[in-house]
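User: I've got this model open and I'd like to talk through it a bit at a time. Can you take my questions as they come?

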Amino acid sequence: MPTFKLDGREIPFEKGETVIQAAHRAGIDIPHYCWHPGLSVAANCRMCLVEVMPPPGRPAMMLNVLQYDPDSGEYVDQQKPKLQPACQQAVAEGLEIKSESSPHVTKARAAVQEFLLLNHPVDCPICDQAGECRLQDYWLEHQHSSKRMRDEPVHKPKAEIFGPTIVYDAERCIVCTRCVRFCEEVAQDPVLSVRERGNVNEIVVSPGRELDHDYTLMTEHVCPVGALTSKDFRFKARVWFLRSVRSVCQECATGCNAYLDYDPRNNTAYRHRPRENPEVNKYWMCDQGMLDYRRVHENRVLDAKIGGETVKVGTALDRAAELLRGAEAGKLAVLLSGQHSQEDNFGLLELATKQLGVTQVFATGRPAGKGDKILRHTDKNSNTAGVLALLAPRKPLGLAALASAIQTGAVTHVLALGSEIEDPTLAPALAKLKALVVLGTWNGALAQSASVTLPASSWAEADGSFVNSKGMTQESEQALEPLGQSRPAWKLAAAIGVRLGAPVPFRSLDELRAALSGSGPKSKRAVQSGAAQ
Ligand code: SF4
Ligand code: SF4
Ligand code: FES
């Protein structure tokens, strides 16, 4: 691989790369606002300026400047090298670049910072970007001087509603145009643009429009400062109190990689952010996925129930075992779920097929929905491919087949995973069952009709893996302690097995995963990455 020199260090690069791209890949941060690895180059913020050293024997490109001389009190003629934006400067073999090591670059970055903050309000105490704002970070790293301007700053619109999800503060905006480029290049809806020039410019929404495409929260996320904020997250939490785990979006079969941010002090999830994965979602997520974290706390099954009465989990497990024991041979069916992890599905399947001899296996999930050519898949389940792989070469039957098997009397007892199913045609069939044991996370048709409901933890409360539509197995980490009385569904299945005298051969997640890897899908593991942009 060819190399160039950055501050004396040899950096490999690929043909066509810019200085900032090659440095970014090598783990070296060149300060930047307007550059984003997933967007076109605008080179308008000038924060990434670097000094390009001339080839041997060639003079450097210099600029004539007037420099203030504090001794004489006069401005004197000086020369300085013409710095180049690293986000636009292409690299070539043998090129020598100075970034941290150039006093001219140090001075330029401080000046750019001071310029960007000239009219910036002192909003940090009430700004939701505080704690993860480039202006704050770079002030500390590259400026650390107090404000010299004594004039009244330019005032611009504040708290402007851009659409159902986003609020804009023009005074905080540095007009880097990341949001404009994101809407045009990624969301494919060029609804934002820049109005005016100089220190009165601002971002505006096209006349007659709102910022209301399917990637508005991502538009906010690419903003490097607090100019765009999400209505969902505004004033809810301070980021320095939040912790993050590597998670996987549960809203569709694309399986976008995410960070789930949560506050361990109140065991509450606060937001989903994209986690970089070039093979799955690059740098992006859709609105539905970024709001998916809310399901952790909404419409949950948090208590064990027998016939609608809340009981202890142990009591419900005893009753579940009793009911299942009464099933006639061959009339017990198991229902898997594309909304649950491989571990949950595998745990239940092992109990049903290997320990209880169940042959009637059905699978379900949420119905198909809207997709697009960017990220969103029409399959609104996170693990459909995983369930199919667990059952391969058999094809699982769906809810309609289960309903008709119940109607004909071929199935009298059902042990089901997942509960967020809203299918009105199912209720009459479920009413005919002698027993329905549900390991459920969300309320829905199944939980409402259950003889026994056992509260199953959501993906945020357990380590789990999910197979996306490309067949990639991706791991999601536990963030929260299980809510209410809930436990991971595979543990509930194992506890039923013990009560039936048919224990599954794994007692820990590691043991389950070892068994799963022997029988699970032959898929490649996704790259677990997640660099900041
Ligand atoms: S709103 Fe944010 S992303 Fe858009 S131009 Fe202003 S600073 Fe940049
Ligand atoms: S595209 Fe699918 S997986 Fe990705 S964020 Fe949206 S809903 Fe989640
Ligand atoms: S990051 Fe290069 S000019 Fe903005």
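User: Let's start with ligand 2: which cavity is the space it takes?

Analyst: Bear in mind that this is a predicted model. Ligand 2 takes up a space that ranks among the cavities, and its rank there is second largest.

User: Which residues surround ligand 2, and how many in its shell are charged?

Analyst: Going along the chain, you meet Cys249, Glu251, Cys252, Thr254, Gly255 and Cys256, then Met285, Cys286 and Gly289, and finally Leu375 and Arg376. By class, that shell has six nonpolar and three polar residues. Glu and Arg count as charged, and the number of charged residues in the shell is two.

User: What about ligand 1: how many residues surround it, and how many of the shell are nonpolar?

Analyst: The closest ones are Cys173, Cys176, Thr177, Cys179 and Cys223, out of 14 residues around ligand 1. The shell holds one polar and one charged residue. Cys counts as nonpolar here, and the nonpolar number for the shell is 12.

User: Moving to the five strands in the open sheet, what is their order, and which are the edge strands?

Analyst: The pairing in this open sheet is mixed, and the order is S2-S1-S7-S3-S6. Two of these strands pair on one side only: the edge strands are S2 (9-12) and S6 (84-85).

User: How do S1 and S7 run, parallel or antiparallel, and which residue stands opposite Lys5?

Analyst: Strand S1 covers residues 3-6 and strand S7 covers residues 96-98; two bridges join them, and they run parallel. Opposite Lys5, in S7, you'll find Glu96.

User: At about what angle does helix H2 run to S3?

Analyst: Helix H2 spans residues 103-117 and lies across both S3 (49-53) and S7. Its angle to S3 is about 160°.

User: In the sheet S8-S9-S12, why is one side of S8 and of S12 left without a neighbour?

Analyst: The three strands make an open sheet with antiparallel pairing. S8 (160-161) and S12 (228-230) stand at the edges, so each has one side without a neighbour in the sheet because each has a single partner strand.

User: Which residue in S12 is the bridge partner of Ile166?

Analyst: Strand S9 (residues 166-168) is joined to S12 by three bridges, and the two run antiparallel. For Ile166, the partner in S12 is Ser230.

User: What is the phi of Gly471, in the turn of the S23 and S24 hairpin?

Analyst: Four bridges join S23 (residues 464-467) to S24 (residues 473-476), antiparallel, with Val467 partnered to Thr473. Five residues lie between the two strands, and Gly471 in the turn has a positive phi of about 80°.

User: Where is Gln188, and what is its phi?

Analyst: Gln188 sits in the loop between helix H4 (178-185) and strand S10 (192-195). It's a residue other than glycine with a positive phi, near 55°.

User: Last one: is the peptide bond from Ala392 to Pro393 cis or trans?

Analyst: Pro393 is in the loop between helix H9 (384-391) and helix H10 (399-408). Omega for the bond from Ala392 is near 5°, and the bond is cis.

Definitions and conventions: Residues numbered from 1 in each chain as written. Chains lettered and ligands numbered in written order. Predicted model: local features only at pLDDT ≥ 70, side-chain atom pairs only at ≥ 80, totals over all residues. Heavy atoms only, no water. Near = heavy atom within 4 Å. 1 Å grid on protein atoms, 1.4 Å probe; cavity = no way out; pocket = protein on both sides within 12 Å on 5 of 7 lines; lining within 4 Å. Sits in = over half its atoms within 2 Å of the grid points. Pairing = 2+ DSSP bridges. Contact = heavy atoms within 4.5 Å. Axes fitted to C-alpha atoms, helices over the stretch in contact; angles between N-to-C directions.
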